[in-house]
Amino acid sequence: MHELSIAMAVIDQVRDAVPDDRVESLTLRIGELVAVVPEALDFSFGLAADGTLLAGARLVIETVDGEAHCDGCGRDTPTGMPPVLWCGDCERPLTLLAGRELEIVRVVVADEGPDGTAVGDTARDTTRDEETSHVPHR
Amino acid sequence: MCRTVDLHQAVLAKNDENALALRRFLASRGTVAVNLMSSPGSGKTALLEQLLTRAVAAGTPAAAVTADLATENDATRLARSGAPVQQILTDGLCHLEAGMLQARLEDWLPDGTRLLFVENVGNLVCPASYDLGETLRIALASVTEGEDKPVKYPAAFGLAQLVVVTKTDLADAVGFARETFLGGVQQVNPGVPVLETSARTGEGVDALLAHILRGAEGEETHTPVLARQHEKHLHSHANGTVREPGPVS
């Protein structure tokens, strides 16, 4: 199940991008053709995020349908799954327009509190120390 | 109070950056890497034994890295060819990642290696997503697995630059529907070359080695889809230092 590896890659990158912020939600775009199962990814993400500043974050997955273009007849058509990347009418390969996305689009993070200190600041070091032991190895 | 941070990063950007570094490392050593992926039991190791043995006999410096969740059985088998071989144990991980391969190669890749075969973990789902810095990606399927493998695993076959059919000596015995298989390949990866082999009889193995060597000389033209898609998103591309991925010449 590579969804756990994908989840851990997502968490690594989000932590690099916003290392000190607690993440409320993050949005991924996943193409229909990349063989990632959203439910399995959501489950894996919950496990892998435990003990990090992404714990409890809501994962929003935007699925992108496969779409391809035929230079012969000029049509844009859904690829379906398994994808059809060959135009039977024109006898030529189609150009894939969408469907292989695997992208972190954005994150929503908790902002600083009204007194100027970051929310959860005191608890953060403890949480980060615990990350290594809490994140599943695989 | 919350704020939104737009990232727009590839999920596998770290792997892809490692793959890019590995591709440069291999190019600097004059080594061409061939990534082999297939389901367990498809005959990857048997075919690789044949390829290594023939490469060694022909005086082409070849080496292999083989990955499994457990045991060093495959490395032991492959080493009989006389080629240098390393086993990577993935500790439960269902695929190789570029960083794992890079870590192993930096200390070990013998000088002068022309062909490096990378036998991925037996699995047609997970390995497809990970660029290993290879020059040539091969998806294999045996005739005994059923002719619908390409459409069942469209990512693995769709991103391959060469499809290899194995165990063709058993094709008649299992009623392999060859045209159906080829139609499936054409559907998910139009124009990709398909070669048919039998490690038992040796059929097609010389042709496969010749195809790989033509690629090593820069004659392979089938597009490395995954590398092309991923590398354009990497930060290092912005300064114009990255050449277009393609066969190492």
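Accessible areas here come from the Shrake-Rupley method with a 1.4 Å probe, and for residues only the protein chains shown count as cover. You are working with a predicted model, in which local features need pLDDT of at least 70, side-chain atom pairs count only at pLDDT 80 or more, and totals for chains, interfaces and linings use all residues. Residues are numbered from 1 along each chain as its sequence is written, chains are lettered from A and ligands numbered from 1 in the order in which they are written, and side-chain values use heavy atoms, without hydrogens and water.

**Exercise 1.** Work out how much area chain B exposes and what share carbon and sulfur atoms supply.

*Solution.* Start with the area: chain B exposes about 9900 Å². Carbon and sulfur atoms supply 49% of that. Next, take burial (under 20% relative accessible area; exposed is over 50%, partly exposed in between; 1.4 Å probe, protein chains only): 55% of the 249 residues of chain B are buried.

**Exercise 2.** Find which strands pair with S8(A).

*Solution.* Strands are DSSP runs of E with at least two residues, helices runs of H or I with at least four, both numbered from the N terminus. Pairing requires at least two DSSP bridges between two strands. Within chain A, S1 (residues 23–31) runs antiparallel to S8(A) over seven bridges, with Ser25(A) opposite Val108(A). Across the chains, S1(B) (residues 2–10) also pairs antiparallel with S8(A) through seven bridges; here Ala110(A) faces Cys2(B). Finally, check the cover: eight of the nine residues of S8(A) (102–110) are buried.

**Exercise 3.** Decide whether Thr45(B) is buried or exposed.

*Solution.* First locate Thr45(B): helix H2 (residues 44–57) of chain B. Thr45(B) counts as buried because its relative accessibility is 8%.
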